[in-house]
Amino acid sequence: MNRIVRWTSEGLEYEADPRQAEKVIQELGLESCKGVATLAVRHAIEEIRKDEPIEHSEMTNFRATAARCNYLSADRPECQFASKEACRFMSAPTKMSAESWKRIGRYLTKYPRLAYHYPFQDGIDGVDVYVDTDHAGRLRTRKSTSGGCVMVGSHLLKSWSSTQPVITLSSGEAELYGVVRGAAVGLGSLSLLTDLGIVLVLRLWTDSTASQGMCARQGLGKVRHLDVQELWVQQRIRNGVFALYKIAGEWDPGDLFTKGSLTVHRIQQLLSILGCAYRTGRALSAPTLRKTSSNKFSTKIRWEEYGDNAFDEEHDEEEVSDIFQRAGLPHAQRAQFSAEPKKEPYPEIKELEDVMVKEGEKLGKHNKGRGGLPQRLVKFHTKRRAK
């Protein structure tokens, strides 16, 4: 995956392929722009109502940039919330969502590198899962966002930011859905570590007192909007499978995955809790970004760019080779391919005749399918009776 892993005297360092951020900046045309230190800007409801769809010709580039940012966010935890929010416009992109991609590109211009630091550590007894939610944070749909991370000591193993499928009626209900998601991810991580021979305990951390009370009770209580399938957390906590703890909101790293309009100081504080830090420059072992596919040919084209009359004219071999090369087909390098050599046919082996099968076929024809004994057995039984 072209990710960079370095061994140091203190532990391991890990960072994403720098070409992904460089490609996002290049696709958005932000090579010489001024960078920003935050990833998102909270818009007012009036601005959202005036939002308009983008041109149909720009939708393909929008989706390509969205897919690349979504891939990059797996290695950039601070970009997960902003990428998730912009990816929700994949089916119908708007001007405001296109501006959000430019905001992410300008952020990557200022902070192109983020390194994970995994120091050597001993005495780890459990897996800690930090969860948080943003109740009704999406002004368009009024849905909430669940976010969290899985950590073993100071090592970040997994993080997520996802929109809840239902509209929650209270912040406590939204926080409960976040706890359920974190418990499911934590149990999966615990099972994976158990398969590797590492036995640890699971601890969940939330900054919501309401969700902690819902998980401690039995049944729905006075909450009428909850789904029954979310209440399995109560039984697991009561049986001691894992424990749920309260953490102060300022020390909860889950805020990084549920809120986009965080300050620069807040983002750096949460990244330091996760063991991540910005880096300047470019890694020496990282592959370079290729601007064009070749010096001779221009960038790749699509077959849709050719009209119906473009192939009616006669072209020489060099022009046809140029078209094939730019369209990405292997015909231009046909000299590298060779036909498969002719092979000798396998010799046919005549199968041996089965005497019993032939006698059975003859007997069936003679007796018209009513069965009987073969002739050699009939003669044997006749002689025996005569004696």
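## Exercises on a predicted model

The side chains of E78 and R76 form a salt bridge, with N and O 2.7 Å apart. The model is a predicted one. The exercises start from this pair.

**Exercise 1. Decide whether E78 and R76 are buried or exposed.**

Solution.
- Step 1. Take the cut-off: buried means under 20% relative accessible area.
- Step 2. E78 has a relative accessible area of 3%, so E78 is buried.
- Step 3. R76 stands at 2% relative accessibility, so R76 counts as buried too.
- Step 4. Return to the pair: the salt bridge of E78 and R76 joins side chains 2.7 Å apart, N to O.

**Exercise 2. Analyse the salt bridge of R140 with D51. Which parts of the chain does it tie together?**

Solution.
- Step 1. Check the distance. The closest N and O atoms of R140 and D51 are 2.8 Å apart. The cut-off for a salt bridge is 4 Å.
- Step 2. Place R140. It lies in the loop between strand 4 (126–134) and strand 5 (145–152).
- Step 3. Place D51. It lies in the loop between helix 2 (45–49) and helix 3 (59–72).
- Step 4. The two residues are 89 residues apart in sequence, so the pair ties together separate parts of the chain.
- Step 5. Classify the accessibility. R140 has 36% relative accessibility and so counts as partly exposed. D51 has a relative accessible area of 18% and is buried.

**Exercise 3. Locate the salt bridge of D255 with R266, then look at the wider set of salt bridges.**

Solution.
- Step 1. The side chains of D255 and R266 meet at 2.8 Å, N to O.
- Step 2. D255 sits in the loop between strand 8 (243–246) and helix 9 (264–273), while R266 is in helix 9. They are eleven residues apart, and the pair links distant parts of the chain.
- Step 3. Both residues, D255 and R266, are buried.
- Step 4. Elsewhere, salt bridges with shared partners join R6, E13, E15, R113 and R279 into one network.
- Step 5. The count of salt bridges comes to 18.

**Exercise 4. Describe how helix 4 (residues 80–87) is covered, and what packs on it.**

Solution.
- Step 1. Count the buried residues. Eight of the eight residues of helix 4 are buried.
- Step 2. Name some of them. The buried residues include Q80, F81, K84 and E85.
- Step 3. Find the neighbours. The buried residues of helix 4 pack against helix 3, helix 5 (95–110), strand 5 and strand 6 (155–163).

**Exercise 5. Work out the geometry of helix 4 against helix 5.**

Solution.
- Step 1. The axes are 9 Å apart, and the helices pack at an angle of about 155°.
- Step 2. Apply the cut-off: over 145 degrees counts as roughly antiparallel. Helix 4 and helix 5 are therefore roughly antiparallel.
- Step 3. The handedness of the crossing is left-handed.
- Step 4. List the contact. A82, S83, A86 and C87 in helix 4 meet S100, W101 and I104 in helix 5.
- Step 5. Sort by class. The contact of helix 4 with helix 5 has five nonpolar, two polar and no charged residues.

**Exercise 6. Repeat the analysis for helix 6 (residues 171–195) and helix 7 (residues 209–216).**

Solution.
- Step 1. The axes of helix 6 and helix 7 come within 8 Å and cross at roughly 65°.
- Step 2. That crossing makes helix 6 roughly perpendicular to helix 7.
- Step 3. Helix 6 passes helix 7 in a right-handed crossing.
- Step 4. On helix 6, the contact uses G172, E173, E175, L176 and V179; on helix 7, it uses A210, S211, M214 and C215.
- Step 5. By class, these residues divide into five nonpolar, two polar and two charged.

**Exercise 7. Map the surroundings of L204.**

Solution.
- Step 1. L204 lies in strand 7 (residues 201–206).
- Step 2. Its relative accessible area is 0%, so L204 is buried.
- Step 3. L204 touches V129, V179, G182, A183, F242, A243, L244 and Y245, leaving aside residues up to four places away in sequence.
- Step 4. Take one of these partners, A183. The C-alpha atoms of L204 and A183 are 7.0 Å apart, and the residues are 21 apart along the chain.

**Exercise 8. Summarise the whole chain. How many helices and strands does it have?**

Solution.
- Step 1. The secondary structure comes to twelve helices and nine strands.
- Step 2. Of the 387 residues, 38% count as buried.
- Step 3. Among contacts with a separation of 6 or more, 70% are between residues 24 or more positions apart.

How values were computed
Residues are numbered from 1 along each chain as its sequence is written. This is a predicted model: local features need pLDDT of at least 70, side-chain atom pairs count only at pLDDT 80 or more; totals for chains, interfaces and linings use all residues. Side-chain values use heavy atoms; hydrogens and water are left out. Axes are lines fitted to C-alpha atoms, for helices over the stretch in contact, and angles run from 0 to 180 degrees between N-to-C directions. Helices (H or I, at least four residues) and strands (E, at least two) are DSSP runs, numbered from the N terminus. Angles under 35 degrees count as roughly parallel, over 145 as roughly antiparallel, 65 to 115 as roughly perpendicular and the rest as oblique. A crossing is left-handed if the near helix is turned anticlockwise from the far one by less than a right angle, and right-handed if clockwise. Contact means heavy atoms within 4.5 Å. Ala, Val, Leu, Ile, Met, Phe, Trp, Tyr, Cys and Pro count as nonpolar, Asp, Glu, Lys and Arg as charged, and the others, Gly among them, as polar. Buried means under 20% relative accessible area, exposed over 50%, partly exposed in between (1.4 Å probe, protein chains only).
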